[in-house]
Amino acid sequence: MSKKLLNSSEGVTLVELLASILIISIIGIVTYSILFTGIKANERIKVEATLRNEADYILSHFINEFFVLKASEIVAEHLPEQDDRSNYYLEIKNKGLLGFKDSNVYLNNEVLMLSNNDISMEGSKIQKNGDLYEIHLVLKSKKTSEVIELESIFSIINDRKEENDEG
């Protein structure tokens, strides 16, 4: 029987050949698109994780500072009503600046360096709402233009005599 198949003069028709090429092409295109979508999703997730890590790093430093900050230690507040886009900070007695100035994060008068050079800080600000300070942190990836925005609300220790006597 195997000799019979080898000696057979029947072959593959052009229609069968085109149909098999078409099926293989469709399978290849679907596989490529799934693979390409997965690679793009992986890149996006990496960038989002990097932005989130950087934001957590910055906010953890702010938490440490605001947790022990007393109202009497605040010398001046530079919290403009209109969007200054770069300068929102508090001047703290014996510590210096705390906040955002010239697209940098200042803690105790020192610039907190971002751990990743592919990230920029644009539009971050501090606003005061009664006794609370609202920090609006905006980080942007320079590579993909992906943006993450986080908001945190902090309360400080109210140790001012004139305000405590009224209550």
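User: How many salt bridges does the count come to by this rule?

Analyst: The count comes to 4 salt bridges, a salt bridge being a side-chain nitrogen of Lys or Arg within 4 Å of a carboxyl oxygen of Asp or Glu. This is a predicted model, in which local features need pLDDT of at least 70 and side-chain atom pairs count only at pLDDT 80 or more, while totals for chains, interfaces and linings use all residues. Residues are numbered from 1 along each chain as its sequence is written, and side-chain values use heavy atoms, with hydrogens and water left out.

User: What makes Lys 95 and Glu 65 a salt bridge?

Analyst: Their closest N and O atoms are 3.9 Å apart, and the rule asks for within 4 Å. Lys 95 lies in the loop between strands S2 (88-92) and S3 (96-101) and Glu 65 in helix H2, so the pair ties together parts 30 residues apart in sequence. Helices (H or I, at least four residues) and strands (E, at least two) are DSSP runs, numbered from the N terminus.

User: Why is Glu 65 called buried or exposed?

Analyst: Buried means under 20% relative accessible area, exposed over 50%, and partly exposed in between (1.4 Å probe, protein chains only). Glu 65 has 15% relative accessibility, so Glu 65 counts as buried. Lys 95, at 31%, counts as partly exposed.

User: How do you know that Glu 48 and Arg 44 meet in a salt bridge?

Analyst: The N to O distance is 3.4 Å, which the rule accepts as within 4 Å. Both residues lie in helix H2 (residues 14-68), 4 residues apart, about one turn of the helix.
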